[in-house]
Amino acid sequence: MRIDRDRLLDRLATLSQIGGLAGTTGSSRLAFTDADKAGRDLVCTWMADLGLEVTIDAIGNVVATRAGTEDLAPVMTGSHIDTVATGGRYDGNLGVLAGLEVIETLSSAGVRTRRPLAVGYFSNEEGARFAPDMMGSLVYVGGLSVEEAHDTIGIDGLSVGSELERIGYLGATPCPGLVPHAFVELHIEQGPVLEEAGVRIGVVEGVQGISWTEVIIRGQSNHAGTTPMRSRRDPGYVASALAVSVRELATEFGHPQVGTVGRVEYSPNLVNVVPARVTMTIDLRHTDAATLQLAEHRVGARLAELADAEGVTFETRSLARFEPVLFDRDIVDLVEAKARLRGLSTLRLPSGAGHDAQMLARVCPTAMIFTPSHRGLSHNPAEHTDPDDLEVGANVLLDVLRSLAD
Ligand code: GLV
Ligand code: MN
Ligand code: MN
């Protein structure tokens, strides 16, 4: 049995046109925006067209279920359809649309599984507008309350709850959600490992720990021409020096330590004004919990040192903090076995990116399947995966889901 490649590619292309970024194959559908709503509506239509039972929960997660021959906990798949503002066509979308494709393939073949099959898209996986990332799946598993999630304020000053209501996805299904029998997510790798190794299928063993911190540094705003360097209290300087030390720390710790300053906002952000305030974010990730903690500690100490020397003040706020996750050994083995049965080369690897699967792993046996990313590009409209790889990834998902559901 194999999935319908053209149908999968068509759906990926159609969804990517919602919030489509002109001149690229990518999209911008930040969580709970009008574009996110339009993408949600389209995927809900596809779910309904397949005759699935669709539920929407209190954080806007959408789950579509196909009944099994027995009334048991479902085997679940899925991912997210929100994107960063410079999103590609495949990040998240592949996992959701491949899940639909698996269900349509089974239905076309008249195959019923013993357990129900569910495919979901979880709200605000990206966390680019509202932190933390994986918010919908975190609420789904009970790791964050609905109230706390709704009260979250985004980068534009609006709240999750008001935006969810505005787009019509404040659903009635309660959270935490139904605990699946197992969860398997197909996703693009978003890094260079599989392509460089010439391997078709990534067997994901876990997800590295993630630490996001927002830092606000306040100093003395003043005239750029008249203020001698000796009397400056410049938060811009401290932010820049801190960004450099994040990079140096990652280099010192070595792979797989990564560190990113992705958002910096100067205020008042004018050519001839020493800034009054700088807001910046620091994203640190490592597969080892203790090393990640050490990295956080070192960055915090450096910030204090820089601030003291410059005479500025600062405050920090944790935006997201997730420990490294290891997936279920049996399902990881199953993914590998099913890929090999299809004659595909495999490589075991950890995930560098955060995923909804890392949240589902808190409540049920979970694993992931990766397909290669061309040039390792992601969170970039140029994100690309070869259609052959998309197809085989979805076929492995089909085999794994069937096996778990029977
Ligand atoms: C979210 O998906 C992330 O890994 O940043
Ligand atoms: Mn993703
Ligand atoms: Mn992403």
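At 5% relative accessibility, Asp91 falls under the 20% limit and therefore counts as buried. The structure is a predicted model, and Asp91 is a useful place to enter it.

Asp91 belongs to a metal site. The manganese ion (ligand 3) takes its protein donors from Asp91 (OD), from Glu126 (OE), which is listed twice, and from His379 (NE2), at 2.1 to 2.4 Å. Along the chain these donors follow the spacing D-x34-E-x252-H. A second metal is part of the picture: the manganese ion (ligand 2) sits 3.6 Å from the manganese ion (ligand 3), and Asp91 coordinates both. Asp91 is in the loop between β3 (75-79) and α3 (93-108), while His379 is in the loop between β16 and α12, so the pair ties together parts that are 288 residues apart in sequence. In contrast to the buried Asp91, His379 has a relative accessible area of 39%, which makes His379 partly exposed.

Helix α12, which follows the loop of His379, also takes part in a link to the start of the chain. Side chains of opposite charge can pair when their charged atoms come close. Arg5 and Glu391 form such a salt bridge, with N to O at 2.9 Å. Arg5 is in helix α1 (residues 5-16) and Glu391 in helix α12, so this contact joins distant parts of the chain, 386 residues apart. The two ends of the bridge differ in exposure: Arg5 is partly exposed at a relative accessible area of 27%, whereas Glu391, at 15%, counts as buried.

Helix α1 is also linked to helix α3. A salt bridge joins the side chains of Glu104 and Arg7, at 3.3 Å from N to O. Glu104 is in helix α3 and Arg7 in helix α1, 97 residues apart, and this pair too links distant parts of the chain. Glu104 has a relative accessibility of 16% and counts as buried.

Another salt bridge connects two loops. The side chains of Asp156 and Arg129 meet at 2.8 Å, N to O. Asp156 lies in the loop between α5 (146-150) and α6 (160-166), and Arg129 in the loop between β4 (117-121) and α4 (135-140), so the contact ties together parts 27 residues apart in sequence. Here Asp156 is partly exposed at 42% relative accessibility, while Arg129 is buried at 5%. The bridge is part of a network in which salt bridges with shared partners join Asp34, Arg129, Asp156, Glu163 and Arg166. Over the whole structure, a search finds 28 salt bridges.

The last stop is helix α10. Helix α10 covers residues 329-341, and at 1.5 Å a residue its 13 residues should span 18 Å; the end C-alpha atoms are 18 Å apart, which agrees. At the start of α10, a side-chain oxygen of Asp328 comes to within 3.2 Å of the backbone nitrogen of Asp330. Within the helix, the residues Ile331, Val332, Leu334, Val335, Glu336 and Ala339 are buried. Their cover includes the strands β5 (182-188), β6 (201-207), β15 (346-351) and β16 (366-371), together with helix α12 (387-405). Both β16 and α12 were met above, as the elements on either side of the loop that holds His379. Just after α10, Gly343 adopts a positive phi of about 75°.

Terms used: Residues numbered from 1 in each chain as written. Chains lettered and ligands numbered in written order. Predicted model: local features only at pLDDT ≥ 70, side-chain atom pairs only at ≥ 80, totals over all residues. Heavy atoms only, no water. Helix = DSSP H or I, 4+ residues; strand = E, 2+ residues; numbered from the N terminus. Expected span 1.5 Å × (residues − 1). Buried < 20%, exposed > 50% of the residue type's maximum accessible area, 1.4 Å probe, protein only. Contact = heavy atoms within 4.5 Å. Polar contact = N/O pair within 3.5 Å; in protein donor to acceptor, adjacent residues only side chain to side chain. Donors = N, O, S within 2.8 Å, 3.2 Å for Na, K, Ca; no water. Salt bridge = Lys/Arg side-chain N within 4 Å of Asp/Glu carboxyl O.
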